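Visitor: I am new to reading protein structures, and I would like a close look at a single part. Could you pick one helix contact and walk me through it, then show me how the surroundings fit in?

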Amino acid sequence: MKRIALFVLTNLAVMVVVGIVASLLGVGNYTGGNVLPLMVFSLVAGFAGAIISLLMSKFAAKMSMGVRVIEQPGNADEAWIVETVRKFADKAGIGMPEVGIYEGEPNAFATGAFRNSALVAVSTGLLRGMTREEVEAVIGHEITHVANGDMVTMALIQGVMNTFVVFASRFIGSLVDGALRRDGERGGPGIGYFVSTMVLQVVFGFLAGMVVAWFSRQREFRADHGSARLMGQPASMINALARLGGMHAEGQQMPQSLQAMGIVGGIGKLLASHPPMEERIAALKNFQG
């Protein structure tokens with residue numbers, strides 16, 4: 001709750017400052033005096049989707065990935081997975097997450113709005129393609145995501161970015177529209193507003209995506225180190241990453257909303273949710289505990 005309160009208050013404070021500066025500079029005169037309603041709209045529009053997605057994340061993950069939650073282990077492998085998650089959850093000081101398995105290429109993910117009631121799921125491909133020690137390291141990585149509250153953090157960062165994309169694109173669009181109007185001309189938003197807002201929303205959305213992706217990559221390094229601490233050594237996580245780096249998954253892909261919470265992400269550059277495997281391995285080799 002402290003994390004949520006801090007992000008919300010920070011966002012509100014920045015928006016208030018923007019509103020005050022705009023008023024002092026008389027910018028509202030060029031936007032029809034609608035700065036305050038625009039700020040409120042931007043906050044609601046920016047955070048609503050992110051918060052709703054976060055609250056629905058476990059349900060959405062189960063449906064989209066076909067996750068089967070292990071209510072009662074049906075074999076030795078399932079029993080081992082559940083006990084491994086339980087062991088690491090206890091070490092990390094969080095509540096026992098739901099544990100699930102899904103059919104797919106080698107991957108795993110954690111999701112959920114609350115650190116004490118999350119979901120950790122591993123793919124059948126991961127279980128088939130890795131040693132138990134490597135799977136254990138991957139589970140430790142996902143448990144660290146939960147313990148660090150990464151799902152909440154990423155949702156809030158996305159909400160902040162959404163807010164500024166909505167506000168900045170419409171605010172600047174209003175300025176452009178006002179500059180294009182003839183003296184004394186009134187009425188609703190003109191073509192200048194709609195065109196500039198659409199273009200700016202794409203541009204700012206791309207820039208916001210870069211910021212979110214950067215935070216996601218830093219979070220991956222921390223989760224790798226967290227796994228090494230839970231395992232007591234970094235070798236297992238290094239081996240797991242090296243093996244994953246050599247696997248070319250061409251089958252089932254995670255939905256974009258879950259890629260940032262998986263052990264393996266996309267292969268983009270500035271918009272990649274995960275750092276390159278070689279960078280993660282290099283960071284772990286320098287790990288001091």
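**A close look at one helix contact**

Guide: Let's start with alanine 283, which lies in helix α11. Keep in mind that this is a predicted model. Leaving aside its neighbours within four places in sequence, alanine 283 is in contact with Phe221 and His225. Its C-alpha atom is separated by 9.9 Å from that of proline 234, and these two residues are 49 residues apart along the chain.

Phe221 and His225 lead us to the partner helix, because both of them belong to α8 and are part of its meeting with α11. From α8, the residues taking part are Glu220, Phe221, Asp224, His225 and Ala228. Across from them, α11 brings Glu279, Arg280, Ala283 and Leu284. By class, this contact holds four nonpolar, one polar and four charged residues.

How do the two helices lie against each other? Two packed helices are described by the angle between their axes and the distance between the axes. Helix α8 covers residues 191–231 and helix α11 covers residues 277–285; their axes come within 10 Å and cross at roughly 45°. An angle between 35 and 65 degrees counts as oblique, so α8 is oblique to α11. The crossing of these helices is right-handed.

Stay with α8 a moment longer, and find glycine 226, which lies in this helix. Is glycine 226 buried or exposed? Its relative accessibility is 5%, and buried means under 20%, so glycine 226 counts as buried. Glycine 226 also has a partner far along the chain: isoleucine 143 is 83 residues away in sequence, yet their C-alpha atoms are 8.5 Å apart in space.

Isoleucine 143 brings us to the core. Ile143 is one of the residues with the most contacts inside the largest nonpolar core, which has 51 residues. Others in that group are Ile81, Val122, Leu126, Met130, Ile139 and Val146. The largest share of this core, nine residues, comes from helix α7, residues 150–180. Apart from it lies another core, of seven residues, including Ala61, Met65, Tyr102 and Phe109.

For a second helix pair to set beside the first, look at helix α6, residues 132–147, and α9. Their axes come within 8 Å and cross at roughly 95°. Angles of 65 to 115 degrees count as roughly perpendicular, and α6 and α9 are therefore roughly perpendicular to each other. Here Glu133, Glu134, Ala137, Val138 and His141 in α6 meet Ser236, Met237, Asn239, Ala240 and Arg243 in α9. The residues of this contact divide into four nonpolar, three polar and three charged.

Arginine 243 is a good place to pause, and it is found in helix α9, residues 235–246. With a relative accessible area of 34%, arginine 243 is partly exposed. Not counting residues up to four places away in sequence, arginine 243 touches Gly129, Met130, Thr131 and Glu134. Met130 is also among the residues with the most contacts inside the largest nonpolar core. The C-alpha atoms of arginine 243 and proline 106 are separated by 9.9 Å, although the residues are 137 apart along the chain.

Finally, step back to the whole chain. Its secondary structure comes to eleven helices and four strands. Of its 289 residues, 47% count as buried. Among contacts between residues at least 6 apart in sequence, 71% join residues at least 24 apart.

How values were computed. Residues are numbered from 1 along each chain as its sequence is written. This is a predicted model: local features need pLDDT of at least 70, side-chain atom pairs count only at pLDDT 80 or more; totals for chains, interfaces and linings use all residues. Side-chain values use heavy atoms; hydrogens and water are left out. A nonpolar core is a set of buried Ala, Val, Leu, Ile, Met, Phe, Trp, Tyr and Cys residues joined through side-chain atoms within 4.5 Å. Buried means under 20% relative accessible area, exposed over 50%, partly exposed in between (1.4 Å probe, protein chains only). Helices (H or I, at least four residues) and strands (E, at least two) are DSSP runs, numbered from the N terminus. Axes are lines fitted to C-alpha atoms, for helices over the stretch in contact, and angles run from 0 to 180 degrees between N-to-C directions. Angles under 35 degrees count as roughly parallel, over 145 as roughly antiparallel, 65 to 115 as roughly perpendicular and the rest as oblique. A crossing is left-handed if the near helix is turned anticlockwise from the far one by less than a right angle, and right-handed if clockwise. Contact means heavy atoms within 4.5 Å. Ala, Val, Leu, Ile, Met, Phe, Trp, Tyr, Cys and Pro count as nonpolar, Asp, Glu, Lys and Arg as charged, and the others, Gly among them, as polar.
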